[in-house]
Every structure is written in C-alpha cells, then in structure tokens.
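User: I'd like a close look at one part of this protein, the place where two of its helices pack against each other. Could you walk me through that spot, and set it against the rest of the chain?

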Amino acid sequence: MTPRRFSVAMTKAFDETLTRHLIRSDGQEDLCLAMYAPSTGAERDTALLRDACLPLEGERKVHGNASVTGRYVLRVARQARNLGLGVVILHSHPGGRGWQELSDLDADAEASYAQLVEQVTGQPLVGITLAGKDHTWSARRWSAAGSAVDHVDAESVRVLGARLEVSWNDQLVPVPAPMPSQLRTVSAWGERPQADMARLRVLVVGAGSVGMDVAIRLAATGIEKVAVMDFDVVKEVNRDRLVAATRRDARLRVPKVDVAERACRSAATAASFEFGRHQLDVTRTRGQSTVLDYDVIFSCVDRPWPRAVLNQIPYTDLIPVIDGGIGIDTFETGQMRNATVRTHIVRPGRPCLQCNGQLDPAQVARDRLGLFDDPTYIERSGQPVPGKQNEVPPGP
C-alpha cells in the first residue's frame, strides 16, 4: 500500500507571527506551540497551521537550546481538542540553512510528547523547524501506535501570501534536472525559481478551450506533475476551440482528459513528467478530495457551481486558485464585438470571486438545481446559459 503523502501549509501572516517569536535577537533557539486543522485529500494529508499558542511565563526555558514543559503541551492539547484541531511543536535553528534533519535531541523531545498529544486530541503531533539563515521550514508528523513512536517527513511546507513560497524536502522531492529545452524559460527567472516551480503539483480543472491550452503550456514550461480534471468527452462541436482534439476523438467521444494527457506528454520538457488523469466532477466528493492533493489550481470551468466550489478552496485549504475566462461583448445582433481575457488569483488576503463580482450566488443556486440543463426553464426565464466556453461576467 502506497503511504499517504504529507505536507504543511500556512498563510504569510501566520509565518510572520511565528518568525517573530522563533528568531531571537540574541541568537538562541526558541520554541512555541500552535494548532493545525487537518486537510485530507485523496492521496495527501496537509496540516493547515493556525492559532499560535505562545508560551506563558515558565512554560519554556531558553538556554542556548530551548525546552518545553509538559504543562505547556497539555494546556495547548486541551485547547486543540476542544476545537477539533491538532498540536504543532515548533523550534528554530538560528544558524541553519535548508531543510533541517532532526538531531537525536530534537527527535527525543518531540517523540516524548507525541503519545500525550495524540491521546488528548485524537490527532498526530506535527513537528516543525525553522532554519534562521534562509527561512526554510521543515516538518514531520509523528505517529504513536501502542508503545512505538515514529515520524514521517513532510514533502514540503507551503507559505501562501502575495507569493507562494515553498520549502522543499529535497530527499522526497528532488531538484529537477535542467533540460536544454528549458533554456529560454530558465533564463527568464533563474534556476532556483524554475526548480521551485517545476516541483509544484499543478491541477487544471476544466479541459475546454482555455483549460486544454493552459495544461499544455504548463507541461512545456517544465512542470513535472500536471493534472487535468474534467468529466466530459470530446464532441464535434468542440473541435473549433479544443486544441489537440481530432475528428477521431469526436467520433469516439474520447474523454477530454485523455486528449489532455496526449497533448501534455507531447509538449512536456521535464526530464521526468507525470500526468494526473482525473475524469471527475469537482462538485462531487471524489473530485473535491482530489483537488486537495495539489499545490496550485487553475480554474478553467464554465459553470457557476464548480466555480463556487473552487472559490472556497484557497480559504479553507490554503491552495491558491487562478481563475480565468473570457468576457465577451456583443452587438445587438448577438455577434461578438470584442472579447477580454481576465484572470483572478484567489487566496487569503484577496477578495473571493463572489466579492469581486465574478460569481453570482443566484446563478450557483440555479446550476445546483440543474436549471441550466432545462431548455424550457431557460426559455421562460431569459437567463443566459453558462457552458460551451469559459466566461466571466463583466466586472472590475
């Protein structure tokens, strides 16, 4: 059985709160506790950091290294239990760089509290280290089964703010090999940003005219793991807009995700490319759990309901969503006057799609009721029919 992947995520504001406490002006190590909410995907678990619980007087000692008291751990564990959350123990390595391996002393300290925390909260203890020299986070999750206590390293720690900052565990997610086909791309922003970006797991939801092209460009850029989610099949009416779809695809009603896989594999420049094929509906349980396995989501859907689902993900699970579409202006005859491409990044600290006027709750309700699939309803109401293209309503 393949072990579940594990990662940690936090907002930039929370990162700054923790850093102010953990990185001391006197150069000594420090520590603190926090709480986390579990985010459970189809294949990955993520600890979403929240609620820093800074130590009270006498609850931790700083003496070059830092140590925590059982009273402090028990206080936070009880708080976490009452909120349905887990406990995080964080400490700093002021002179450290890069992903930090656990010393025997640090491992013993965290392991000594793993059973207590799991018994009180029902959630495993998460340990996190901050390297002071380059601000790299590293993390692990402890498991307390019977008398045995062990840990699993996280693959990454993601900090979501104006930028997505990722600390990578190079042992689990190695730095990609540079390829000659990426020379122009790498020259635009450098080897380090390319290596960080290429390791992201990127999901495109919606394999229509916009989504198909986005997925192909991501693969060509050197992203190692690109996935596409769409439950639909290719039809003849799609072929004038669907890049890479053939007459045969339309005749055989080939799933759009299969066309996307063929096109992405052909365009990929990564030395090791992996395609995620998800013939799923994001409004259903399996689709919603699958999106939580990814680091960045491109929303290329053409209906209000799936757009509303994706609109919540950045705030509940700290996965940024890049939402895009085409705003079309028409003449009175209904023919196109012009079209404008708009994109919106949805993340904590920015307005959601409903707040910026790009998502109408009334339209979402109609979509959930299936009214947009009922021609008699459309005819009676005079409502425009979402679908057949990615559209965004007029707005700022």
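Analyst: Of the contacts between residues at least 6 apart in sequence, 65% join residues at least 24 apart. Keep in mind that this is a predicted model. The protein has 12 helices and 17 strands. Its radius of gyration is 24 Å, close to the 21 Å that the globule rule gives for 396 residues, so the protein is as compact as a globular protein of that length. Taken along the principal axes, the C-alpha atoms fill a box of roughly 75 × 50 × 40 Å. Buried residues account for 49% of the 396. The accessible surface adds up to about 19,200 Å², and carbon and sulfur atoms own 51% of that.

Now for the helix pair you asked about. Two packed helices are described by the angle between their axes and the distance between the axes. Here the partners are α10, residues 304-317, and α11, residues 361-368. They pack at an angle of about 120°, and their axes are 8 Å apart. The crossing of α10 past α11 is left-handed. Which residues make the contact? On the α10 side you'll find P304, W305, P306 and A308, and on the α11 side Q363, V364, D367 and R368. Sorted by class, that contact has 5 nonpolar residues, 1 polar and 2 charged.

If you follow the chain onward from α10, have a look at L318, which sits in the loop between α10 and β16 (321-330). L318 has a positive phi of about 55°, although it isn't a glycine. With a relative accessible area of 9%, L318 is buried, because the cut-off for buried is under 20%.

There's another non-glycine residue with a positive phi, D51, where the angle is near 55°. D51 belongs to strand β3, residues 44-53. Is D51 buried or partly exposed? Its relative accessible area is 31%, so D51 counts as partly exposed.

R50 is also in strand β3. At a relative accessible area of 38%, R50 is partly exposed. Leaving out neighbours within four places in sequence, R50 is in contact with F14, A34, M35, Y36, A37 and L85. R50 also has T11 at 8.6 Å, C-alpha to C-alpha, with their positions 39 residues apart in sequence.

Moving toward the start of the chain, H21 is part of helix α1, residues 12-22. H21 is buried, with 15% relative accessibility. Not counting residues within four places in sequence, its contacts are D30, L31, C32, L54, P55 and R60.

Next comes Q28, in the loop between α1 and β2 (31-40). Q28 is partly exposed, at a relative accessible area of 23%. V62 is 34 residues from Q28 along the chain, and their C-alpha atoms are separated by 7.3 Å. V62 is also one of the contacts of Q28 once neighbours within four places are set aside; the others are H63, G64, S92 and P94.

Further along, two residues share a loop. V243 lies in the loop between β13 and α7, and R241 is in that loop between β13 (225-229) and α7 (247-252) too. V243 is partly exposed at 38% relative accessibility, and R241 is partly exposed as well, with a relative accessible area of 30%. What does V243 touch, beyond residues up to four places away in sequence? The answer is M212, D213, I216 and V259. The C-alpha atoms of V243 and G208 are separated by 8.6 Å, and the two residues are 35 apart along the chain. R241 and D106 make another pair to pick out on the model: they are 135 residues apart in sequence and 57 Å apart in space, C-alpha to C-alpha.

Back at your helix pair, the picture to keep is α10 and α11 packed at about 120°, in a left-handed crossing, with P304, W305, P306 and A308 meeting Q363, V364, D367 and R368. Just past α10, in the loop that runs to β16, is the buried L318.

Notes. Residues numbered from 1 in each chain as written. Predicted model: local features only at pLDDT ≥ 70, side-chain atom pairs only at ≥ 80, totals over all residues. Heavy atoms only, no water. Axes fitted to C-alpha atoms, helices over the stretch in contact; angles between N-to-C directions. Helix = DSSP H or I, 4+ residues; strand = E, 2+ residues; numbered from the N terminus. Left-handed = near helix turned anticlockwise from the far one by under 90°. Contact = heavy atoms within 4.5 Å. Nonpolar A, V, L, I, M, F, W, Y, C, P; charged D, E, K, R; others polar. Rg over C-alpha atoms; globule rule 2.2 N^0.38 Å. Buried < 20%, exposed > 50% of the residue type's maximum accessible area, 1.4 Å probe, protein only. Areas by Shrake-Rupley, 256 points an atom, 1.4 Å probe, with all protein chains shown as cover.
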